[in-house]
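User: I am new to this structure. Please teach me how to read its features, one at a time.

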Amino acid sequence: MAKIYNLVGMQHDEMYDIIKKAPLGTVFYISKRQTRFLQLRVDGLDKKLVIEYAQAKRDNEDVPPGDAFFDPETKVIILADGIHRAEADILIGVEGGTPADDVPFPVRIHLGSAQDALLFASGGNSKHGKRRSRRDIENAVRSLLLDPELGRWSNGRLAKAANVSVPYIEKMRERLEKEGVAPRIAPEDRVGERGGKPYRRRTKGTDAPPKSIETDDASVNPADTDTVATTSPSTDANADNATTHLAVTVPPLAKPAPKADELDANAQSLPQDSGATITETARQFAEALKAALDNVPPALREPTRLELLNTLKADSLVASTNSETNNI
């Protein structure tokens with residue numbers, strides 16, 4: 001059973017000390033006086049639904065608590081989900097003679113900013129509670145795109161947060177930009193998410209150079225190297241027909257090879273160092289390929305060597321047979 005704390009009447013500093021130490025799943029009782037309600041529904045409260053929740057609570061039915069966010073910096077509690085349930089408790093409390101602003105109602109409290117609360121509220125009720133109307137969804141997405149911080153997120157990241165499709169985000173962004181209420185943010189300047197970490201990357205169709213991508217060890221700019229393949233070697237021991245994909249970085253030519261129309265019939269017209277340049281490039285490519293092959297797991301590398309050995313044996317046998325035939 002989850003532990004319950006009554007925070008009604010406490011100051012925010014005192015509440016914060018309790019909230020940050022409370023175990024996961026703790027239920028807190030707070031009041032409207034301490035809380036800011038984040039309402040994204042266009043039509044506001046559904047009074048009929050509030051009455052239904054109130055009756056369910058009177059009948060001791062299992063009504064889950066709402067979700068609120070406490071911002072340690074601003075010391076504000078924001079109720080992001082469960083406003084109708086909170087209003088049901090307030091309705092019952094008022095009937096019992098308690099001032100509306102002081103009626104306690106249960107919530108789970110998460111530590112987070114106003115943006116975290118907005119993100120949570122934007123995706124709320126997509127699969128439970130009162131379903132969102134088209135206007136509710138539009139208002140939620142509009143709120144995300146107009147937020148100075150969240151509006152810089154990529155379309156895919158916002159779509160995931162709001163539980164809508166990426167094309168929906170794209171159309172809404174374009175509309176707000178045309179209306180002049182949202183600044184235009186170039187695709188390459190939007191912040192996506194990969195592995196739980198924010199990142200920026202070049203988007204197809206843009207002319208701007210790709211942004212540096214943060215990795216665990218260094219900052220890598222994809223424009224600095226020419227990569228033939230980007231898939232790492234497969235290490236799945238359970239794969240029946242594992243295919244090895246090598247990431248081989250090809251060094252650029254020291255000098256560009258001469259074009260066909262620049263070549264003269266006279267062999268003396270060829271650049272003196274063209275042969276050395278091509279030889280050096282081939283050597284660098286061979287070293288890069290060898291380094292990539294050395295990184296292939298033995299379980300995947302050995303079959304490849306065996307096949308190569310069998311091929312060499314077969315070629316040798318054919319050559320030997322041809323030689324004997326020619327000597328007849």
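Analyst: We will go from the whole chain to single strands, then to cavities and loops. Keep in mind that this is a predicted model.

User: Let us start wide. How many helices and strands does the protein chain have?

Analyst: Begin with the inventory. The protein chain has nine helices and 12 strands. Then ask about burial. Of the 328 residues in the protein chain, 31% are buried. Burial here means under 20% relative accessible area.

User: What supplies the exposed surface of the protein chain?

Analyst: The protein chain exposes about 21300 Å². Carbon and sulfur atoms supply 52% of that area. Contacts along the sequence are another thing to read. Take the contacts in the protein chain with a separation of 6 or more: 60% of them join residues 24 or more positions apart.

User: Now a single strand. How many residues of strand E4 are buried?

Analyst: To read a strand, count its buried residues, then check which way each one points. E4 covers residues 66–71, and six of the six are buried, so the strand is largely enclosed by the rest of the structure. Gly66, Ala68 and Phe70 point one way. Asp67, Phe69 and Asp71 point the other way. Both sets are buried.

User: Which strands does E4 pair with?

Analyst: For pairing, look at direction and bridges. E4 runs parallel to strand E6, residues 105–111, and five bridges join them. One place to look is glycine 66, which stands opposite valine 107 in E6. With strand E5, residues 76–81, the pairing is antiparallel, again over five bridges. Aspartate 71 has valine 76 of E5 as its bridge partner. Aspartate 67 is bridged to aspartate 81 of E5.

User: What do E4 and E5 form together?

Analyst: They form a hairpin, with four residues between the two strands. Lysine 75 sits in that turn. Its phi is positive, about 60°, although lysine 75 is not a glycine. Check exposure as well. Lysine 75 has a relative accessible area of 34%, so it counts as partly exposed.

User: Is E5 mostly covered or mostly open?

Analyst: E5 is mostly covered, with five of its six residues buried. E5 also has a link to strand E3. Three bridges join E3 to E5, and the two run parallel. In that pairing, phenylalanine 37 has leucine 79 of E5 as its bridge partner.

User: Next, the empty spaces. How many cavities of 30 Å³ or more does a search of the whole structure find?

Analyst: It finds two. For each one, read the volume, then the lining. The largest cavity has a volume of about 60 Å³. Among its 13 lining residues, the closest to its centre are Pro65, Gly66, Arg85, Ala86 and Pro106. Helix H3, residues 83–95, and E6 each supply at least two residues of the lining. By type, the lining holds eight nonpolar, two polar and three charged residues.

User: Which residues line the second largest cavity?

Analyst: They are Leu145, Gly151, Arg173, Glu177, Ala182, Pro183 and Ile185. The volume of the second largest cavity is about 40 Å³. Its lining divides into four nonpolar, one polar and two charged residues.

User: Let us try a helix. Which residues of helix H6 are buried?

Analyst: Read a helix residue by residue, then look just past its end. In H6, residues 155–162, the buried ones are Asn155, Arg157, Leu158, Ala159 and Ala162. Just after H6 comes asparagine 163, with a positive phi of about 60°. Asparagine 163 lies in the loop between H6 and helix H7, residues 166–179. With a relative accessible area of 39%, asparagine 163 is partly exposed.

User: One last loop. Where is valine 42 placed?

Analyst: Valine 42 is in the loop between strand E3, residues 35–37, and helix H2, residues 47–58. At 36% relative accessibility, valine 42 counts as partly exposed. Now look beyond its neighbours within four places in sequence. There, valine 42 is in contact with Arg135, Asp136 and Asn139.

User: How far apart are valine 42 and serine 133?

Analyst: Give two answers, one for sequence and one for space. Valine 42 and serine 133 are 91 residues apart in sequence. Their C-alpha atoms are 8.8 Å apart in space.

Terms used:
Residues numbered from 1 in each chain as written. Predicted model: local features only at pLDDT ≥ 70, side-chain atom pairs only at ≥ 80, totals over all residues. Heavy atoms only, no water. Buried < 20%, exposed > 50% of the residue type's maximum accessible area, 1.4 Å probe, protein only. Pairing = 2+ DSSP bridges. 1 Å grid on protein atoms, 1.4 Å probe; cavity = no way out; pocket = protein on both sides within 12 Å on 5 of 7 lines; lining within 4 Å. Points joined across faces, edges and corners; volume = space filled by probe spheres on them. Nonpolar A, V, L, I, M, F, W, Y, C, P; charged D, E, K, R; others polar. Contact = heavy atoms within 4.5 Å. Areas by Shrake-Rupley, 256 points an atom, 1.4 Å probe, with all protein chains shown as cover.
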